[in-house]
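Please load the model in a viewer and keep a selection panel open. The tour proceeds by stops, each giving what to select and what is found there.

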Amino acid sequence: MINGTVMYEWMKDLWPINRSLTGEGVRETLKYLKQLNPELQIKNYQSGEKVFDWEIPDEWNVTEAWVKDPGGNKIIDFSWNNLHLVGYSMPIKQSMRLSDLKNYLHTLPHQPNAIPYVTSYYKRTWGFCLEHKKLEELKDGTYEVYIDSCHKKGVLNFGEVYIAGESQQEILFSTYICHPSMANNELSGPVLASAIILYLKNLKKRKYSYRILLMPETIGSISYISKNFNELRKNVHAGFVLSCVGDEQEYSIINSRYGNNEADRTLGFILSEYVSSDKIKRYSFLSRGSDERQYCSPGVDLPFCGFSRSKYGTYEEYHTSLDNLDFVSPRGLEQSYVIMTKVIQLLERNCYLKSNFQCEPQLGKRGLYPNISKAGSYPGELRDMMNFLAYADGKNDLIDICKITGVRLEMLYNIVDKLTEHSVVYSSDE
Amino acid sequence: MINGTVMYEWMKDLWPINRSLTGEGVRETLKYLKQLNPELQIKNYQSGEKVFDWEIPDEWNVTEAWVKDPGGNKIIDFSWNNLHLVGYSMPIKQSMRLSDLKNYLHTLPHQPNAIPYVTSYYKRTWGFCLEHKKLEELKDGTYEVYIDSCHKKGVLNFGEVYIAGESQQEILFSTYICHPSMANNELSGPVLASAIILYLKNLKKRKYSYRILLMPETIGSISYISKNFNELRKNVHAGFVLSCVGDEQEYSIINSRYGNNEADRTLGFILSEYVSSDKIKRYSFLSRGSDERQYCSPGVDLPFCGFSRSKYGTYEEYHTSLDNLDFVSPRGLEQSYVIMTKVIQLLERNCYLKSNFQCEPQLGKRGLYPNISKAGSYPGELRDMMNFLAYADGKNDLIDICKITGVRLEMLYNIVDKLTEHSVVYSSDE
Amino acid sequence: MINGTVMYEWMKDLWPINRSLTGEGVRETLKYLKQLNPELQIKNYQSGEKVFDWEIPDEWNVTEAWVKDPGGNKIIDFSWNNLHLVGYSMPIKQSMRLSDLKNYLHTLPHQPNAIPYVTSYYKRTWGFCLEHKKLEELKDGTYEVYIDSCHKKGVLNFGEVYIAGESQQEILFSTYICHPSMANNELSGPVLASAIILYLKNLKKRKYSYRILLMPETIGSISYISKNFNELRKNVHAGFVLSCVGDEQEYSIINSRYGNNEADRTLGFILSEYVSSDKIKRYSFLSRGSDERQYCSPGVDLPFCGFSRSKYGTYEEYHTSLDNLDFVSPRGLEQSYVIMTKVIQLLERNCYLKSNFQCEPQLGKRGLYPNISKAGSYPGELRDMMNFLAYADGKNDLIDICKITGVRLEMLYNIVDKLTEHSVVYSSDE
């Protein structure tokens, strides 16, 4: 059991790194994560490669970036906060009047103390982001702008972990490593993924194999799917996009296009079982935004859904400097971790069960049924066991049986263990 | 664009003609309609022919019909209002006491100022209809009754227009021409059908072929189906029975037996898109009454539904002399026309669309996606476009996609045009 | 028509007999029932035979059983009420202190005047049941206990009636004969079954064959299914477990596992048609308890459901001496009988009907449609007939048509008779 405080410490370590689609920051991030789980392989695709309708972009790195006011004082500096620089900005060194400079400055008038997060991946431009309050204080005059950045052929890096199980069928967790210093909408994903890897390695037995992908959003998943589609189609039993999983608010599921794949079913049910209904938000695919966009797209249709706490786009700190280490918490991370371990446990245990007998088995001779029949001698657990048996017909998996009978999942696990041990039921999957 | 005033003028011209299942009035009506659309062919079936369980009736014509009171004054005259004579009345010339005559007089006690509409197609009898108020004023004595009518072997006439399109698959509009002077429950249908023909002829391109039928109700559609069943079954993509389409009240759909054919879906959806929900009445097949009775009957099962404003049988003027030119209006006719053109437009455009790409296409490089990614840079139309693409998987037609995504139909048309132009999607029907 | 008073008299006759899974009481009960219906065959299975996961138990008979207090007075005597003795008690003759005796005494503290019903079929023990009030009055001292009972290899008896119909497809009624003196949860079942047999024999025509089974609960049905599974699977069209059918409270249906077999549909619909909705209780299979447990179990899946008035386990007199002849009534029995005859009538009449015509048949020429068409000339029954015809497409049985059209079942019977007589419709089952 990983605890939230450990996960939170990882986030603090990763916080200052300037991540983007590509570049040094991504590699630095992946190297840190590899320390936690040496199984992590750092892989890459070459700039310029075609991936479906897209092309792997050039690598982007930044050495220095700032703006000086007419008095020569730095008023914006990338080294203070990497959100200050528009992602993928071109290099520039120029003096310009404030009125011209303003065309390149981004602020949030309604959140005057927040630095917005802005990128321009696919069209060359440059720009700075700052607090609207600060913008309003700027005086006329000539400002000096300096960006020492570089775009060049290089690679798009990503991390991959594969943990083999009994079956080639696999469970996939996908998260992203392309945002600079933001906490919920970036770092919560990789740290939860790292904790899941540790959990999986500690399992004594794994029915499924597991794959964890840490990639830049959109272009990363498009590239990976493009290169591995046949294997993914053949092997993926369920997949989960982890995004914004570090706060303590609601638990969100972002369903697939038709909302009925194995990931939808499993996560949807685990939330019902372990989270009070007023804390659950179920979003349709219309509210998608992270890599479920790609995994679930027409023609790809992998059985994925998304998992979030406060979903991207629904909280006002999203994509600003306010999505910081205060917005997330050890407790929030740990709660998300617990939900994901419950998801894994259910996936591992879930199967179609079948009774070994026509008619009711005689539970009494196995010590599972009271020998004296009198009013009130029929406890709740026995009723649950009988109801489980009534629907263990090979057509219902554990989720179906819980839904039909109202038996709680943890109780069902006990019942299945007991009845399997007594050879009353068997998994008809095998 | 036909305007309602023109349609209303046509109704006024057609008003005085004495229509019935067969006879001169039907031919006169069809000749008038042929002036509007010379493509209209006036066809016929012979009296006595067997059509399914029915037989084409004899032709019926009336020269004169009246009742004189004991003082020799005409108190009822067919030439005043053709509703005065029971449809298909036998000839008679007779003097009779009021008490005997009353067995042949039909009135509406609860609508004392209305002349009821009464017919006796399949059993030979005679009768007159009059205002109940007038009946109560009649004095005892001997009345003279005169009907100069004639039943003879002849023909049942109907009109047919066929407008070829790219496909042999056709859209059918069916309406009736068998009621004497009534406005909503008769003339609104033929004039709307005539306007639709003009609209269709003006279309630059027609995916579907179109057939318009103007026939006596029940026996007309039974005859036509009986003679053309195999072609109808093979070719009809959707069909609509037009009845009572001239008033300004609600918009009604009368669904087919199971309510799920292409006509049900298309008209049902067009009403949802263009009419406020409190003005829409959706009737099940249990409320049928016009020729959808035949087109949708067991063993026929053509994909029809009915379209009405105030549906037959739901308004008190129905089947009386009060269903007159005041009950309908140019505006009501024009609104019905607009709905039908929207139905045609949707049928013409509807198809199963499919993306040319796995994963999301890169809309940015086509100028369809903002190059700068920042909060709020994602306008509603872009969201609609992305949502359309998410469900353009070849399994959903435009109606499905509108329903799933909530995108408005007119917006979807724009999106489809744009994405087709950029070769991002294609119709998987072709 | 059997009346409730007669059924109630049968119950009174059967009341004193000591029934159990096996033994003299069962045979005596079956002999009595055979007097009512000589077709009843008394059959048996041998003790020790394996039936699925179970084994036929030894036969159990009791001669005498009592407890005497320290003063030598009988305080409990099996001859007073056969509930006093725990079912399947071993023989014993022993003196023991009250404190020891108490381990073998069963009472209901919350119902101090009721003797509970207790059995121990599958584990050898002994015991007495008494009123809690009486237990509290017992004084310390040495009590004498005497049970002259005997377990031996023998038989498990059951009764079977088979009434042949035109088809080998059969309707099955199953009820139990294993409880000692209790009225609703025992005798109501066999007497209703006996009345049903009389009813069936009097039918002039039977489409289905009928089988009635009178067996000990659980082990009886398990044995019977085990021995006759292939025939049951092949022949049973619908089956009903009759249990607790003698009181005047609600009408209960206990649905099968998925709630959608022919028995569920038929009984469920008959209750909707003939019972006001506030008197109907619909239980899912989670509330099962009688032999539907076996008939509907996974791997057996026969089309059964259960019928009860106040369902076993829902009323406080259940499984106590208070479930006596006052708890049931002639009226309650007769109401249950009427419902079952309605079920039989519907099963006999139900079929998939089909019109002989494409389009509407011409009802007028058959005298089934008014010849004069005028407002209000369309009575409710005609509307019902037309609606019936609209759905008589070979895909709907009578239940479907009633549900779709809202036509009442008895009216539908009339319509079907009339239209069959006029060769307008025919059963497409044949």
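Two strands count as paired if DSSP finds at least two bridges between them. Helices (H or I, at least four residues) and strands (E, at least two) are DSSP runs, numbered from the N terminus. The model is predicted: local features need pLDDT of at least 70, side-chain atom pairs count only at pLDDT 80 or more, and totals for chains, interfaces and linings use all residues. Residues are numbered from 1 along each chain as its sequence is written, chains are lettered from A and ligands numbered from 1 in the order in which they are written, and side-chain values use heavy atoms, with hydrogens and water left out.

**Stop 1: the eight-stranded sheet of chain C**

Select β14 (residues 251-254) and β16 (residues 304-308) of chain C; these strands run antiparallel and are joined by 3 bridges. Within this pair, C:S252 has C:S308 of β16(C) as its bridge partner.

Extend the selection to the whole sheet, in which 8 strands of chain C follow the order β1-β10-β12-β11-β13-β16-β14-β15. The sheet is open, and its pairing is mixed. At its edges lie β1 (41-46) and β15 (280-283) of chain C, each of which pairs on one side only. From one strand to the next the twist averages 25 degrees; axes are lines fitted to C-alpha atoms, for helices over the stretch in contact, and angles run from 0 to 180 degrees between N-to-C directions.

Now add helix α2 (residues 24-36) of chain C. Which strands does α2 of chain C lie across? The helix lies across β1, β10 (155-163) and β12 (209-215) of chain C, and runs at about 15 degrees to β10(C). Contact here means heavy atoms within 4.5 Å.

**Stop 2: the three-stranded sheet of chain B**

Move to chain B and select β17, β18 and β19. These 3 strands form an open sheet in the order β18-β17-β19, with antiparallel pairing. The edge strands, each pairing on one side only, are β18 (393-397) and β19 (425-427) of chain B. The twist averages 30 degrees from one strand to the next.

Strand β17 (residues 352-355) of chain B pairs with β19(B) in the antiparallel sense over 3 bridges. Labelling B:S355 shows B:V425 of β19(B) opposite.

**Stop 3: where chain A meets chain B**

Display chains A and B together. The contact takes 28 residues from chain A and 26 residues from chain B. About 2500 Å² is buried between the two chains, 46% of it on carbon and sulfur atoms; buried area is the accessible area (1.4 Å probe) that two parts lose on being put together, summed over both.

There are 4 salt bridges between chain A and chain B, a salt bridge being a side-chain nitrogen of Lys or Arg within 4 Å of a carboxyl oxygen of Asp or Glu. One to select joins the side chains of A:D53 and B:R366 (2.7 Å, N to O). On the side of chain A that touches chain B, α6 (219-235) and α8 (292-295) of chain A each supply at least two residues. The largest share, 3 residues, comes from α6(A).

Colouring that side by class gives 14 nonpolar, 8 polar and 6 charged residues. Ala, Val, Leu, Ile, Met, Phe, Trp, Tyr, Cys and Pro count as nonpolar, Asp, Glu, Lys and Arg as charged, and the others, Gly among them, as polar.

**Stop 4: where chain A meets chain C**

Replace chain B with chain C. Here the contact takes 26 residues from chain A and 28 residues from chain C. The area buried is about 2500 Å², of which carbon and sulfur atoms give 46%. In chain A, the residues that lose the most area to chain C are A:Q358, A:C359 and A:E360, together 28% of what that side buries.

The salt bridges between chain A and chain C number 4. The side chains of C:D53 and A:R366 meet in a salt bridge (2.7 Å, N to O). On the side of chain A that touches chain C, α10 (380-391), β18 (393-397) and α11 (398-405) of chain A each supply at least two residues. The most, 6 residues, is given by α10(A). By class, this side has 12 nonpolar, 7 polar and 7 charged residues.

**Stop 5: a salt bridge within chain A**

Over all chains, a search of the whole structure finds 78 salt bridges. Finish by selecting A:D58 and A:R124, which form a salt bridge with their closest N and O atoms 3.5 Å apart. A:D58 lies in the loop between β3 (54-55) and β4 (59-68) of chain A and A:R124 in the loop between β7 (105-106) and β8 (128-129) of chain A, so the pair ties together parts that are 66 residues apart in sequence.
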